[in-house]
Amino acid sequence: MAKSALQIERAQYVPKTPASIACGTSLVEGKATQSVADQDDIKKLFPNTYGMPIVTFQKSDSPVKAAPINVGVILSGGQAPGGHNVISGIFDGLKSINPDSKLYGFLGGPGGLVDHKYVELTKDIIDEYRNTGGFDIIGSGRTKLEEVEQFDKGLEICNRLGIKALVIIGGDDSNTNACVLAEYYLARKSGIQVIGCPKTIDGDLKNEMIETSFGFDTATKVYSEVIGNIERDANSAKKYWHFIKLMGRSASHVTLECALQTQPNITLVGEEVEAKNQTLDDVVTYIANAVAARAAKGLNFGTVLVPEGLIEFIPAIKKLIAELNDMLAANQAEFDAVADDEKLNYVVAHLSATNAAIFKSLPTSVSRQLALERDPHGNVQVSLIETEQLLADMVGKKLATWKKEGKFVGKFATQHHFFGYEGRCAAPSNFDADYCYSLGRVASLLIVSGKTGYMASVRNTTKPADQWLAGGIPITAMMNMEKRNGKMKPVIQKALVDLNGGPFKFFASKRDEWAINTDYVYPGPIQYFGPSAVADRTTVTLQLEHQ
């Protein structure tokens, strides 16, 4: 295939790794763990994998050697920069332990395991994908591994290929599936281990042992480059307010990180909107006040960052969505039988009076998206809701009213953007290239150590890579019970923006200045070469969390 000059150079890049796994290493077990919440329920559901200890790898003079082992790898869910390097790290780790080990990639995500679609990943294939973005080496998919029939089909192909371990690279839902699979295979005494790796650009899969999910670093740098370009354009043309929606359905980490990198005028953080019990009108008024204040200074331009999940954080709408989810889950067959032009009336008739009133008050385009557009898990597909357009329109209407009342003296013209897929398959930053490769090497070590139901962990990531700490955390330790499709299910607890944490507190201390002034920062493109302070820098979020 044709390659760009950057691809050719990046193929030669050798990822940096923790010193503890660079050559010899030994495993050290810590104390037993328990789930973050709902301990009795989680322990009952995962009797074989609950309470396992956190493990760490320490530097040793003896290289790790073992009998050959065959491993399968699955890419699950949406793409994130660095996935190819996780696979490269697994491959190199297995081959360093025993050159006769084999790595199989299941094609198209978890569905490849169930449907027995796979390829053996050889050195020639791996070398083509080192340090590249995307998941195209084997493809990804969103098939949920929930049914015993699926588990047994997976067991069948693993036995046929002599596979003794599976690595599932995915987000919170995918790693929840990995934990369920690990529990089932252990209960069956199948001899199949399951290891997870933390992937999601949304940044909501993190905790004390998982400092960041891979892809977050690269994606936020890609978005911040483009936001900076738009800010430069806004400051040049001086006639548009740019409303920019960013990925992050369940948490606002991406939006907050991009704000810290670019210093826009307005940044909405969903977790704060919920904590303050704000209405949609409260949010609109907040933006309108900032627009009016800048207009009074002759500045009829600005930038507004909006997390894609904002609509779900507004308490009144969140309650509406919760009732919608339960109502539709309980009446799905009846709802499907209703004619399309009557579906909204059906919804209104089956909601409580309060939520029906809120539902009817929304623009038709938004109410249709809330009721009709659902993902495979039964959730609202918030990325399809044009929140940035909705807010811009509502701010425009409020400002028009204020103008008649003499409260607004400026002009208000808008442009709208949604940055999502642009960041998911970018060539990984040096941080993500190093971090992901290290996660892959750690996954191979967890396998050889006989572990199952663990997630690979690399910590101390604000320090140089050779000082990173490698290990594993039981997936059950991250779990709690949540309602999905009307039923309580075990899932990995999402990490939301901590309003008392360093990143948000720093942002909150600066946002009033950024709102009224033009304090834009222009990060520019990701740098892969040059001074370490530029090429190897971590996200501002990580820096502030570790100060």
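# Cysteines, aromatic pairs and helix packing in a predicted model

A search of the whole structure finds zero disulfides. Cys-258 takes part in none, and the nearest cysteine sulfur to it, that of Cys-425, is 17 Å away. Cys-436 is likewise in no disulfide, with the sulfur of Cys-197 as its nearest cysteine sulfur at 8.6 Å. Because a disulfide requires two cysteine sulfur atoms within 2.5 Å, neither distance qualifies. Cys-258 is buried, with a relative accessible area of 0%, and Cys-436 also counts as buried at 0% relative accessibility. The coordinates discussed here belong to a predicted model.

## Aromatic rings and charges

A pair of aromatic rings is described by the distance of the centres and the angle of the planes. The search over the whole structure returns 11 aromatic pairs. One of them joins Phe-106 and Tyr-118 in an edge-to-face arrangement, with 6.4 Å from centre to centre and 65 degrees between the planes. This pair links distant parts of the chain: Phe-106 belongs to strand E4 (residues 102-106) and Tyr-118 to strand E5 (residues 118-120), 12 residues apart. Phe-106 counts as buried because its relative accessibility is 0%, whereas Tyr-118, at 32% relative accessibility, counts as partly exposed. Ring pairs also bring in Tyr-104, so that Tyr-104, Phe-106 and Tyr-118 are linked into a cluster.

How are the rings of Tyr-435 and Trp-468 arranged? Their centres are 6.3 Å apart and their planes stand at 80 degrees, so this pair is edge-to-face. It too links distant parts of the chain, with Tyr-435 in helix H21 (residues 430-448) and Trp-468 in the loop between strand E12 (454-459) and strand E13 (469-474), 33 residues apart. Tyr-435 and Trp-468 are both buried.

Charged side chains also meet aromatic rings. The charged end of Lys-245 sits over the ring of Phe-418, at 4.4 Å from the ring centre. Arg-294 lies over the face of Phe-301, and here the distance to the ring centre is 4.8 Å.

## Helix packing

Two packed helices are described by the angle between their axes and the distance between the axes. H14 and H17 pack with their axes 10 Å apart and at an angle of about 110 degrees. The two helices, H14 and H17, are therefore roughly perpendicular to each other. On the H14 side the contact is made by Ala-316, Ile-317, Lys-319, Leu-320, Glu-323 and Leu-324, and on the H17 side by Asn-355, Ile-358 and Phe-359.

Helix H18 spans residues 364-372, and its buried residues are Val-366, Ser-367, Gln-369, Leu-370 and Ala-371. What covers these buried residues of H18 includes both H14 (315-330) and H17 (353-361), together with helix H15 (332-337), helix H16 (343-349) and helix H19 (387-404).

## Positive phi values in loops

Most residues other than glycine have a negative phi, and most peptide bonds are trans. Two asparagines with positive phi are set out below.

| Residue | Phi | Location | Relative accessible area |
|---|---|---|---|
| Asn-277 | near 55 degrees | loop between helix H11 (270-275) and helix H12 (280-296) | 54%, exposed |
| Asn-460 | near 65 degrees | loop between E12 and E13 | 22%, partly exposed |

The loop between E12 and E13 that holds Asn-460 also carries Trp-468, the partner of Tyr-435 described above.

## Two strand residues and their surroundings

Gln-58 lies in strand E2 (residues 53-60) and is partly exposed, with a relative accessible area of 42%. Which residues does Gln-58 contact, leaving aside its neighbours within four places in sequence? They are Ser-20, Gly-24, Thr-25, Ser-26 and Val-28. For Gly-24, the separation from Gln-58 is 34 residues in sequence and 8.5 Å in space, C-alpha to C-alpha.

Gly-196 is part of strand E7 (residues 193-198). Is Gly-196 buried or exposed? At 0% relative accessibility, Gly-196 counts as buried. Not counting residues up to four places away in sequence, Gly-196 touches Ile-168, Asn-175, Tyr-454, Met-455 and Ala-456. The C-alpha atom of Gly-196 is separated by 14 Å from that of Gly-89, which is 107 residues apart from Gly-196 along the chain.

Note on methods:
Residues numbered from 1 in each chain as written. Predicted model: local features only at pLDDT ≥ 70, side-chain atom pairs only at ≥ 80, totals over all residues. Heavy atoms only, no water. Phe/Tyr/Trp six-rings, centres within 6.5 Å; stacked < 30°, edge-to-face > 60°. Helix = DSSP H or I, 4+ residues; strand = E, 2+ residues; numbered from the N terminus. Buried < 20%, exposed > 50% of the residue type's maximum accessible area, 1.4 Å probe, protein only. Lys NZ or Arg CZ within 6 Å of the ring centre and 35° of its normal. Contact = heavy atoms within 4.5 Å. Axes fitted to C-alpha atoms, helices over the stretch in contact; angles between N-to-C directions. Parallel < 35°, antiparallel > 145°, perpendicular 65-115°, else oblique.
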